[in-house]
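Please look through the structure below with some patience, following the chain as you read. The paragraphs after it go from one residue to its surroundings and then on to others.

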Amino acid sequence: MSRVVFLLLPQLHLLDLAGPAQVFSTAADCGLGYRQSFVAESSEVVTAQGLPVRAHVDWPDLDPADLVVVPGWRSPASRAEPAQPATLRRLVAHHAAGGTVVSVCGGAYLLGRAGLLAGRRCTTHHELQDELARRYPAATVLNDRLYVVDDRVATSAGIASGIDLALHLMAVRHGPALAARIAREMVVYARRNGHERQDSAMLRYRSHLSDVVHRVQDVIDERFTEALPLGELAGVARVSERTLTRLFDASTGLTPLRYQQVLRVERAEHLIGHGVAVEAAARAVGFTDARMLRRLRARTRSTRSLP
């Protein structure tokens with residue numbers, strides 16, 4: 001069971017809070033053990049939309065599997081301090097203990113004030129990016145990104161992109177099939193804007209309208225660690241192998257095998273990022289040894305031009 005703690009700041013934006021909260025709530029409805037907590041420096045916080053919300057002033061005990069989420073608030077670029085030093089220290093301590101810290105929209109400014117953006121890639125709302133980069137020059141602010149994840153510091157762009165980031169976290173933690181199920185429950189099945197270096201495969205390759213390809217992707221998402229012969233997948237789709245390959249490429253730009261490899265690499269990267277050895281991660285995602293995983297990771301980094 002994991003806890004998701006939302007840190008509520010005065011004048012927070014409701015959708016910055018409600019969007020990710022709905023994702024984790026839906027995950028709990030799907031049988032995953034997520035509990036949500038809402039903390040603030042006062043027991044009542046007035047949102048930017050005028051609706052007051054209640055919060056706890058005492059933080060729960062956290063462990064590395066827990067998430068801390070900082071929704072954005074009105075005028076984050078102002079010089080006013082939105083949180084006390086003790087609150088900033090809590091964020092830093094959670095990350096130092098192995099936990100993940102997340103921001104939505106202008107919430108990235110609080111992570112910057114806590115020192116968590118230094119030496120990391122990040123993003124925020126397009127109207128706030130230049131000021132964030134000026135204020136925290138040790139951070140690498142990426143423009144026009146839905147979200148960025150760098151060393152357990154996850155930042156997202158404006159407002160509803162918090163949903164995309166929360167779905168991405170579900171995909172890397174629990175697999176793309178579960179994330180796709182949550183997205184369908186929330187009626188946010190397709191990704192909303194252009195290609196994105198830090199998005200999950202579940203979103204990146206699902207923005208098409210082919211029912212045949214979606215059915216095959218459902219099978220691959222569910223069983224991506226297994227050997228899946230093309231003939232078996234074509235049988236699921238009730239088309240020939242040649243037709244499936246053509247439709248899959250037209251809808252995603254990939255073959256079914258390459259799509260499966262993308263899922264495996266994404267899951268392996270998550271495991272490696274949490275301390276699992278490359279060899280063990282390779283076996284966990286279905287490779288017989290680490291050689292293929294290393295080749296695919298190198299290809300991915302080359303394609304994305306990552307350092």
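Two residues are said to be in contact when they have heavy atoms within 4.5 Å. Leaving aside its neighbours within four places in sequence, Leu8 is in contact with Leu17, Phe38, Val39, Ala40, Val45, Val53, Arg54, Ala55 and Pro71. This is a predicted model, in which local features need pLDDT of at least 70 and side-chain atom pairs count only at pLDDT 80 or more, while totals for chains, interfaces and linings use all residues. Residues are numbered from 1 along each chain as its sequence is written, and side-chain values use heavy atoms, with hydrogens and water left out.

Leu8 also belongs to a nonpolar core, a term for a set of buried Ala, Val, Leu, Ile, Met, Phe, Trp, Tyr and Cys residues joined through side-chain atoms within 4.5 Å; buried here means under 20% relative accessible area, found with a 1.4 Å probe on protein chains only. The largest such core has 61 residues, and Leu8, Leu91, Leu110 and Ile182 are those with the most contacts inside it. A second, separate core of 17 residues includes Val213, Leu244, Leu254 and Val262.

Leu254 and Val262 are also among the residues in contact with Tyr205, when its neighbours within four places in sequence are left aside. Tyr205 is buried, with a relative accessible area of 16%, and it lies in the loop between helix H7 (201-204) and helix H8 (211-222), where helices are DSSP runs of H or I with at least four residues, numbered from the N terminus. Gln217, 12 residues from Tyr205 in sequence, is 9.1 Å away from C-alpha to C-alpha.

Conventions: Helix = DSSP H or I, 4+ residues; strand = E, 2+ residues; numbered from the N terminus. Buried < 20%, exposed > 50% of the residue type's maximum accessible area, 1.4 Å probe, protein only.
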